[in-house]
Amino acid sequence: MSSAVAGGDPARVGQFAPDVPPVTGIFSASIIAFFSFLGFESAANMAEEVKDPTRSYPRALFGAIGTAGVVYLLIAIGAAIVVPTNTLVGSSGPLLEILKASGVGIPGSLFSIIALIAIANGALLFITMASRATYGLAEAHLLPQTFSKVMPGRRTPWVAILVVGLVTMGMSFVGDVGDLADVTVQLLLLVFVSANISVLVLKKDKVGHRHVTVPRIVPILALAATAVLLTQQDAHTWIVTGGYVLVGTAIFVIARVHAKRTGQPEPTSNAASAFD
């Protein structure tokens, strides 16, 4: 063990910034931590390709979230012990600071390659999941039917994949990574609000087959926690988020008007078949 690690300070794990109330610090940090868990909610779009999703999907979802949560928590605790908090806050590469302090001989260039691969993997995951969601919305007549086009052989939603990929690349030129992260979290929090309200509504439906159920208190507590997290974002993030919501609403209205003119059926949801 290197002297840097041996000289770590476990007391730093429970320290808060002197000018920030603990509760405020916890909720502010929760917004950042929330971004680390992006992607798990999108896995639901792949559930239809799983055998017995009612049994397999909840286990896979909660197992993955639990594993990631433990790993993230251990990394955060280890980082606080090994490296002073001020050093982590002022560094553009906090994980590199941890590696330097630990004495592990990993070259910085190799670490950069690993980070780039991880980022590329995350982007591909997002494009896959977002394109499936876009395809599903088009199938439900909530988006233009162009997004529901699939390749003849592979049956992949190529239009949705192409559009989502182009939008993702375009967003990389708007603002910095921090701004995009804040807006992404804000939009996802709004999605979670609607999802939990939907759970409360769907619990009134009667489902005639085996499905996953949750106590009513769970979505209620989730709504309360989400509302608190929404208060942690600044005005700039709310304005940008509002712009995206307006664009999405306009696309939805156009799709519904077109569907009514062409006599397409009203959108239906199969959500109650698996969850309530």
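**Exercise 1. The chain as a whole**

What percentage of the 276 residues of the protein chain count as buried? Then describe the secondary structure and the spread of contacts.

*Solution.* The model is predicted. Start with burial: 22% of the 276 residues count as buried. Next, count the elements. The protein chain has ten helices and zero strands. Its pattern along the sequence is therefore α-α-α-α-α-α-α-α-α-α. Last, look at sequence separation. Take contacts between residues at least 6 apart in sequence; 69% of them join residues at least 24 apart.

**Exercise 2. Helix 3 against helix 5**

Describe how helix 3 packs on helix 5, and list the residues that meet.

*Solution.* Two numbers come first, because a pair of packed helices is described by the angle between the axes and the distance between them. Helix 3 spans residues 53-82 and helix 5 spans residues 94-102. Their packing angle is about 60°, and the axes lie 10 Å apart. Helix 3 is therefore oblique to helix 5. The crossing of the two is left-handed.

Now take the contact itself. Helix 3 contributes I75, A79 and V82. Helix 5 contributes L95, I98, A101 and S102. Sort these by character: six are nonpolar, one is polar and none is charged.

**Exercise 3. Helix 7**

Compare the span of helix 7 with the expected value, and name its buried residues.

*Solution.* Helix 7 covers residues 158-171, which is 14 residues. From first C-alpha to last, helix 7 reaches 20 Å. At 1.5 Å a residue, 20 Å is expected, and the span is close to that. For burial, pick out V159, A160, V164 and G165 in helix 7.

**Exercise 4. Two loop residues**

Is Q233 buried or exposed? Is S148 buried or exposed? Place each in its loop and give its contacts, leaving out residues up to four places away in sequence.

*Solution.* Take Q233 to begin. Q233 sits in the loop between helix 9 (217-230) and helix 10 (235-261). Its relative accessibility is 10%. The cut-off for buried is under 20%, so Q233 counts as buried. Beyond its sequence neighbours, Q233 touches I31, D182, V185, Q186 and W238.

Turn to S148. S148 lies in the loop between helix 6 (108-139) and helix 7. Its relative accessibility is 15%, so S148 counts as buried. With the same exclusion of residues up to four places away, S148 touches Y135, A138 and E139.

Definitions and conventions
Residues numbered from 1 in each chain as written. Predicted model: local features only at pLDDT ≥ 70, side-chain atom pairs only at ≥ 80, totals over all residues. Heavy atoms only, no water. Helix = DSSP H or I, 4+ residues; strand = E, 2+ residues; numbered from the N terminus. Expected span 1.5 Å × (residues − 1). Buried < 20%, exposed > 50% of the residue type's maximum accessible area, 1.4 Å probe, protein only. Axes fitted to C-alpha atoms, helices over the stretch in contact; angles between N-to-C directions. Parallel < 35°, antiparallel > 145°, perpendicular 65-115°, else oblique. Left-handed = near helix turned anticlockwise from the far one by under 90°. Contact = heavy atoms within 4.5 Å. Nonpolar A, V, L, I, M, F, W, Y, C, P; charged D, E, K, R; others polar.
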